[in-house]
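Here's a quick walk through the model shown below. Have the viewer open while you read.

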Amino acid sequence: MDYKKLADLLLPNVSSDISIYEKKYPERNVSFVSRFAPSPTGFIHMGSLYTAYISSLFAKKNNGVFYLRIEDTDQKRKVENGIENIINDLEKFNINIDESPIIGGLYGPYIQSERKEIYLSYAKYLVENGMAYPCFCTKEELDEVRKEQESLKERTGYICKWAKCRNLTFEEIKKNIDNEVSYVIRLKAPGNFDKKFEFKDLIKGKLMLPENDNDIVLIKSDGLPTYHFAHIVDDHLMHTTHIIRGDEWLSSLPVHYQLFRVFGFKVPKYAHVAPINKKDNNTIRKLSKRYDPECNIAYYFEKGIPVEVIKLYLATLINSNFENWYTNNIDKDISEFNFEFNKMSVSGPIFDLEKLISLSKTYFSTLKAEKIYDGLLEYYKIYNKEFYDLISKYKEYTINILNIERLKKRPRKDLSCYSDFMNLFSYMYDEYYDKIEKVNLIKDYDKILNDFIDTYSGDDDEELWTSKIKEICFKYNYASNMKEYNDNPALYNGHITDVCTLIRLAITYRYESPNIYEILKVMGKERVSKRIDSFIKEAQ
RNA sequence: GGCCCGUUGGUGAAGUGGUUGAACACACAUGCCUUUCACGCAUGCAUUCAUGGGUUCAAAUCCCGUACGGGUCACCA
């Protein structure tokens, strides 16, 4: 068969001179190039963020390039604003992108649907060299073939004797083309399934894979390439050195490997990332954006968990020894850690929200109050306008609240997200000083509170403050320490904890709060007196 | 069903033939500290690495079988 003639018949208006593109997209002078190549089908979720983050982290570590390429060759799955959504989400996470449809770059276009000419050119080149051919089989015919293969317990696919369009004569093809029969272009797969080749994946390690003998589709009937074909052409021309992608691609690696070899291109290195999993009852399954709210990025935004925390947690999932490094280098940037492919989980890490929250508490405990304050403003501006107005109005006061038990060697760890702040500290604002239903009052509560407010100066140090409380304890027959009380409980009306709890209740209407001494100090004497007065009135 | 991959405590995991008495972290429990809560500190929590066999002086680590789990078999990526 005259393949040149065949190529011209199929793609008359396309040049098969691929050297144009080889020249147009020259070698890069960096040793590491990775990419994130999503389909624009919606918002980014934890899984895609994970893969994208890994790519960017390794690119950064190797002073390489990380670019974004949109894989929109499936017209049916296109979603409105898909590209914008992806780019916005990546921006929110401060993932640094060197080239993208927005930023541009020398290797564009970065949207596959805009590269149609390129793919067709490479496809024509293959046809011309007898390595690809048109296939006129309909979906129904293919389904039937598959059914027959299944009933014969044979391997499925467009393989061996089943690849009937492989042997069409030029005349037969010409007739179909003249009649405008819809067709695809398939690879004439040169592999032998019974032969295996060794492949070293950066994460999975040494693999033995069968050669590909399936005549996979290269160009679909709409003229757009399949993932397999676009992957080879793009990653070759864009000079990607490291393909970092989900391990659902592992099984098609023989196809991709073969395509690179057919063209004589250098095969890039591959890192197949196992998915983030979730333990559901007793089964482990992939974290799903449909069933697991924590898979959705919006979930964290709504709670007010900072993106830094998510990145921190993802980093621990990428390399579990990261966590140890981080606790010793809490002031350093995540990217300074030496991430390694071979330390990644082969079967996929399990997502543990509890651990993420614990990490978040540690993260918040390292922040300066001013920084948290800025985060609070940003958060409540969107999620609670009323509270936003309040903290905007009382900036200094709010920062003082945030500084309670923060300015010491081991700060409190009670804040795990911005939404916690309101739950934890709303009572500090008079607007939210709410009564609670049931309050247990101790003996002489009114006298104790009155004595307390009489002696409270507002600027005593903690030691003096405590000693004043102890005096009150003594006066009303409360034990001034627990040991005393426990030795002889019958002698006392109660103990110092009861007295402090009473004060805490009067001030906050809560049984739990940070150090009451510090709270009083932040509130100021005037507010404290008012609250105590109103508490006593309310109790009577 | 074919092919590929995996299986270490309540959880995430470290571990690649010999100081591993199986790190570390989360969770849990108890105790200490303490005005509550949180923090912090201390202690406890796998005589054993899915399972059966083999190789070896030595196996969680290497080999084979079995069970279970995951991925994939599209003109979707």
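Helices and strands here are DSSP runs numbered from the N terminus, with helices being H or I over at least four residues and strands being E over at least two. With that in hand, start at helix α9 (residues 253–263): the residue that follows α9 is G264, with a positive phi near 80°. In α9 the buried residues are P254, V255, H256, Q258 and L259. Buried means 20 or more other C-beta atoms within 10 Å of a residue's own, exposed means 12 or fewer, and partly exposed is in between, with C-beta atoms placed from the backbone. Those buried residues of α9 pack against β4 (184–187), β6 and α8.

A word on ground rules. This is a predicted model, where local features need pLDDT of at least 70, side-chain atom pairs count only at pLDDT 80 or more, and totals for chains, interfaces and linings use all residues. Residues are numbered from 1 along each chain as its sequence is written, while chains are lettered from A and ligands numbered from 1 in the order in which they are written.

As for confidence, pLDDT is the predictor's per-residue score, from 0 to 100. Chain A has a mean pLDDT of 90, with 99% of its residues at 70 or more. Among its elements, helix α8 (residues 227–237) has the highest mean, 97, and strand β11 (residues 283–286) the lowest, 78. For the complex, the predictor gives an ipTM of 0.88 and a pTM of 0.90.

Now the RNA. Strand B is surrounded by 68 residues, and the closest are E71, S221, S347, P349 and I350; a residue is near the strand if its C-beta atom, placed from the backbone, lies within 6 Å of it. Elements that each supply at least two residues of this surface include β11, α12 (322–328), α13 (353–366) and α21 (496–508). The surface divides into 19 nonpolar, 24 polar and 25 charged residues. Here Ala, Val, Leu, Ile, Met, Phe, Trp, Tyr, Cys and Pro count as nonpolar, Asp, Glu, Lys and Arg as charged, and the others, Gly among them, as polar.

On to helix packing. Axes are lines fitted to C-alpha atoms, for helices over the stretch in contact, with angles from 0 to 180 degrees between N-to-C directions. Contact means C-beta atoms, placed from the backbone, within 7 Å.

| Helix pair | Axes come within | Crossing angle |
|---|---|---|
| α18 (residues 445–455) and α21 | 11 Å | roughly 75° |
| α5 (residues 116–128) and α8 | 10 Å | roughly 100° |

That makes α18 roughly perpendicular to α21, and α5 roughly perpendicular to α8; angles under 35 degrees count as roughly parallel, over 145 as roughly antiparallel, 65 to 115 as roughly perpendicular and the rest as oblique. Which residues of α18 and α21 meet? Y445, I448, L449 and F452 in α18 meet V499, L502, I503 and A506 in α21, a contact of 8 nonpolar, no polar and no charged residues. In the other pair, I118, Y119 and Y122 of α5 meet F229, A230 and V233 of α8, giving 6 nonpolar, no polar and no charged.

A few backbone oddities remain. A cis peptide bond joins G108 and P109, with omega about 0°, and P109 sits in the loop between α4 (82–92) and α5. H239 is not a glycine, yet its phi is positive, about 55°. H239 lies in the loop between α8 and β8 (242–246) and counts as partly exposed because it has 17 C-beta neighbours inside 10 Å.

Definitions and conventions. Two residues are in contact if their C-beta atoms, placed from the backbone, lie within 7 Å.
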